[in-house]
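The following questions and answers go through one protein model. Please have the sequence and the structure open while reading.

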Amino acid sequence: MTTTFPSLTIGTERLVLRPYEDGDIPAFVDMMNDELVVAWTSVPHPYTRAHAEQWVREFAPAERAEGRGIVFAVTEFLTQRLVGTVHLYGTDWRLRATEISYVTAPWARGEGYATEAVLAVAQWLFRDQGFERLQLRTAAGNTASQQVAQRTGCISEGVLRNAWIARSQTESGAWTEIRTDLILWSLLPEDLDGLADQLPETGYSAHADWGAPRR
C-alpha cells in the first residue's frame with residue numbers, strides 16, 4: 001500500500017502549488033511574521049531565516065518522505081511569487097484521511113487564493129490519491145479561515161472546547177497566549193459535487209518537470 005505522497009506540482013489557472021525552494025525563504029519569513037499568522041498559528045515568533053531554512057530544507061521534505069503528509073508552496077502562476085502555503089499532515093494511510101492547514105501571505109489576501117488552493121489539493125487528494133476524508137480545525141475567532149472552510153464545502157462537525165492556544169497582541173506590542181476553542185470541519189469526496197461550478201481546473205506534474213503543469 002502506498003504510504004507517501006508523490007513529489008509533484010498542482011497547477012490552476014492562477015496558481016502553482018509546488019515543493020518549497022531556497023528562493024522562497026525571504027518571502028516565507030515575511031509571511032510567517034505577519035500579525036495574523038502569529039495570532040492564529042503556533043509558529044515561533046519572531047520567525048527567523050534559520051526557522052525558514054529548517055522548514056524548507058528539512059521539515060517539508062521529511063514530511064513527505066516519511067509519509068506524514070506533504071507541504072506545498074502556493075505561488076502565483078504569472079509572477080511566481082509566494083502567496084501562501086498548504087500543509088497536509090497527520091495522514092492515516094489505512095483510513096485514507098488527512099488534515100489540512102493553510103496560510104495566505106498578507107500581500108495576497110482578498111484574492112481567493114486560499115480557497116482555490118484548498119480546492120485544488122482536495123480534488124487531487126480525492127480523485128488521484130483515493131482519499132476519503134480531509135479534516136480541518138480553525139480557531140473560534142479566526143473568521144477568515146472559517147470562511148475558506150465554508151467556501152470549499154467543508155462541513156462543521158462540532159467544537160473542540162478549550163483545545164488551542166492562540167496569541168493576542170497587547171497595547172505595548174507584546175504577545176500573550178490565550179486559550180480558545182477549535183471548530184472541527186471535514187470534507188468528503190461527495191461534498192465537492194455541489195461545488196462543480198466553483199472547482200478550479202487543475203493539472204499535475206512531477207516536480208522535476210515543473211514550469212508548465214500538464215493539463
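Q: Which residue just after helix 4 takes a positive phi?
A: Helices and strands here are DSSP runs (H or I over at least four residues for a helix, E over at least two for a strand), numbered from the N terminus. This is a predicted model, in which local features need pLDDT of at least 70, side-chain atom pairs count only at pLDDT 80 or more, and totals for chains, interfaces and linings use all residues. Residues are numbered from 1 along each chain as its sequence is written, and side-chain values use heavy atoms, with hydrogens and water left out. The residue just after helix 4 with a positive phi, about 70°, is Gly-130.

Q: What distance does helix 4 reach from its first C-alpha to its last?
A: Helix 4 covers residues 113-128, which is 16 residues. The expected span of a helix is 1.5 Å times one less than its number of residues, and for helix 4 that expectation is 22 Å. The distance in the model is close to this, at 22 Å.

Q: How many of the 16 residues of helix 4 are buried?
A: Buried means under 20% relative accessible area, exposed means over 50%, and partly exposed lies in between (1.4 Å probe, protein chains only). Helix 4 is largely enclosed by the rest of the structure, because the number of its residues that are buried is 14 of the 16.

Q: Which element supplies the largest share of the largest nonpolar core?
A: A nonpolar core is a set of buried Ala, Val, Leu, Ile, Met, Phe, Trp, Tyr and Cys residues joined through side-chain atoms within 4.5 Å. The largest one has 38 residues, and Phe-72, Leu-88, Val-121 and Trp-124 touch the most other members. The largest share of this core is eleven residues, and they come from helix 4.

Q: Which residues does Val-121 touch, not counting residues up to four places away in sequence?
A: Contact means heavy atoms within 4.5 Å. With residues up to four places away in sequence left out, Val-121 touches Ile-10, Leu-17, Phe-72, Val-86, Leu-88 and Ile-100.

Q: Which element gives the most to the lining of the largest cavity?
A: On a 1 Å grid over the protein atoms alone, a cavity is a set of points where a 1.4 Å probe fits but cannot get out, and lining residues have an atom within 4 Å of a point. The structure holds one cavity of 30 Å³ or more, and about 40 Å³ of space lies in the largest cavity. Strand 4 (82-92), strand 5 (97-104) and helix 4 each supply at least two residues of its lining. The most, four residues, comes from strand 4.

Q: Which strand gives the most to the lining of the largest pocket?
A: A pocket is an open set of grid points with protein on both sides within 12 Å along at least five of seven lines; points are joined across faces, edges and corners, and a volume is the space filled by probe spheres set on the points. About 1200 Å³ of space lies in the largest pocket. Its lining has 43 residues, of which Trp-40, Thr-41, Ser-101, Tyr-102 and Val-103 lie nearest its centre. Six lining residues, the most from one element, come from strand 5.

Q: How far apart are the closest N and O atoms of Glu-53 and Arg-49?
A: A salt bridge is a side-chain nitrogen of Lys or Arg within 4 Å of a carboxyl oxygen of Asp or Glu, and the structure holds twelve. Glu-53 and Arg-49 both lie in helix 3 (residues 49-65), four residues apart, about one turn of the helix. An α-helix has 3.6 residues a turn, so residues three or four places apart point the same way. The closest N and O atoms of the Glu-53 and Arg-49 salt bridge are separated by 3.0 Å.

Q: Is Glu-63, the salt-bridge partner of Arg-68, buried or exposed?
A: The closest N and O atoms of Glu-63 and Arg-68 are 2.8 Å apart. Arg-68 is partly exposed, with a relative accessible area of 32%. Glu-63 has a relative accessible area of 4%, so Glu-63 is buried.

Q: Which residues are in contact with Glu-157, leaving aside its neighbours within four places in sequence?
A: Glu-157 lies in strand 7 (residues 155-169) and is partly exposed, with a relative accessible area of 41%. Leaving aside neighbours within four places, its contacts are Arg-133, Leu-184, Trp-185 and Ser-186.
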